[in-house]
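User: I'd like a close look at one part of this model, the aromatic rings and whatever sits around them. Here it is.

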Amino acid sequence: MGSEAFPTLLFIPGLSATAESSYGKAGRYLQDQWHVVLCELDGHYEGNPAFTSIDAECEQIETYVLENHSGRIHGMIGLSLGGTIAVSILSRGNIQIERTVLDAAFCVDMGMLKGCYGWFFPKGVARVRDGKYVPGFLIDLFMGRGNRSMVEMIYPGITVGTCRNACRDVYSYRISDQLRNTSSRVEFWRGSWETYPKKSAALLKAYLPAMTERVFPRMGHYQFLHEHPKEYAALLDQSMRS
């Protein structure tokens, strides 16, 4: 989206959502002044292989930036799993990003709970994909009170295998000490009803002391982006210019 003559903003979507369902609307509000690149994660669009690992996604994104943008872009925005991938890209240091927004990046090692979450979450996603009943209190537990954004954004072709592989990496994620070396200016965005992203922000702050945080009141996972894409885009535009 937008002219390639504009500064590039690269968007990395969240688990079980597509690039379009995650950032399509917000991207169209930005395309008159930014070159908007929506990344497609493996396992999240038709005709492609399953998601295998965070490292594999990092390599693909880095290759794209190196080959098409001489290894440097203006902004990177990552949502949930996409935020975790963005943290890894910053840590790897293979490309240069001036500004980064981590929207509810998940960077908490779940320890003994990762097996339970890694089994339960893919099963829940499969039920949502198939239109089967999922108790509202469980959606509230994972996504935030009254939040159905992820349900509405789900990729209908998502597989249990893709979810399991992503959950394996995300729920055992450990922040690399190399993150301290990034020159990118980083912001962390989250809803006030997001428990684990709040913990992630606190952990990241130890590595990125200059990182700032924006909290959306009474919002859960994916919610502000999904329900208020125009306002989300306006805040991104402001952040990327400041």
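Let's start with one ring: does Phe106 count as buried or exposed, and at what relative accessibility?

Analyst: Phe106 counts as buried, because its relative accessibility is 13%; the cut-offs are under 20% relative accessible area for buried, over 50% for exposed and partly exposed in between, with a 1.4 Å probe and protein chains only. Before going on, a word on ground rules: this is a predicted model, where local features need pLDDT of at least 70, side-chain atom pairs count only at pLDDT 80 or more, and totals for chains, interfaces and linings use all residues. Residues are numbered from 1 along each chain as its sequence is written, and side-chain values use heavy atoms, with hydrogens and water left out.

Now the rings. Searching the whole structure turns up eight aromatic pairs; rings of Phe, Tyr and Trp (the six-membered ring for Trp) pair if their centres lie within 6.5 Å, and planes under 30 degrees apart are stacked, over 60 edge-to-face and the rest tilted. Phe106 has Tyr171 as a partner in one of these, an edge-to-face pair with 5.5 Å between centres and 65 degrees between the planes. Phe106 belongs to the loop between strand E4 (96-103) and helix H4 (114-129), while Tyr171 is in the loop between helix H7 (160-170) and strand E5 (185-191), so the pair ties together parts 65 residues apart in sequence. Helices (H or I, at least four residues) and strands (E, at least two) are DSSP runs numbered from the N terminus. Tyr171 counts as buried too, with 7% relative accessibility.

Another edge-to-face pair is Trp189 with Phe216, at 5.7 Å centre to centre and 85 degrees between the planes. Trp189 is in strand E5 and Phe216 in strand E6 (residues 212-216), so here the parts tied together are 27 residues apart in sequence. Both of these rings are buried. They also belong to one aromatic cluster, together with Phe11, Tyr23, Phe224 and Tyr232.

Phe216 and Phe224 take us to the empty space, since both are among the residues lining the largest cavity. A cavity, on a 1 Å grid over the protein atoms alone, is a set of points where a 1.4 Å probe fits but cannot get out, and lining residues have an atom within 4 Å of a point. There is one cavity of 30 Å³ or more, and the largest holds about 50 Å³ of space; grid points are joined across faces, edges and corners, and a volume is the space filled by probe spheres set on the points. The lining splits into five nonpolar, four polar and three charged residues, where Ala, Val, Leu, Ile, Met, Phe, Trp, Tyr, Cys and Pro are nonpolar, Asp, Glu, Lys and Arg charged, and the others, Gly among them, polar. E5 and helix H9 (223-227) each supply at least two lining residues, with H9 giving the most, three.

Gly220 is in that lining as well. It is found in the loop between E6 and H9 and is buried, at 3% relative accessible area. Its C-alpha is 6.8 Å from that of Ser192, 28 residues away along the chain. Arg218 lies in the loop between E6 and H9 too, but Arg218 is exposed, with a relative accessible area of 59%. Its phi is near 55 degrees, a positive value in a residue other than glycine.

Finally, the wider setting. The chain has ten helices and six strands, and 53% of its 242 residues count as buried. The largest nonpolar core has 65 residues, of which Ile12 and Ile85 touch the most other members; a nonpolar core is a set of buried Ala, Val, Leu, Ile, Met, Phe, Trp, Tyr and Cys residues joined through side-chain atoms within 4.5 Å. Helix H3 (residues 81-92) gives this core its largest share, six residues. Leaving out residues up to four places away in sequence, Ile85 touches Ile12, Leu41, Phe51, Ile54, Glu57, Cys58 and Ile61, a contact being heavy atoms within 4.5 Å.

Notes
On a 1 Å grid over the protein atoms alone, a cavity is a set of points where a 1.4 Å probe fits but cannot get out, and a pocket is an open set with protein on both sides within 12 Å along at least five of seven lines; lining residues have an atom within 4 Å of a point.
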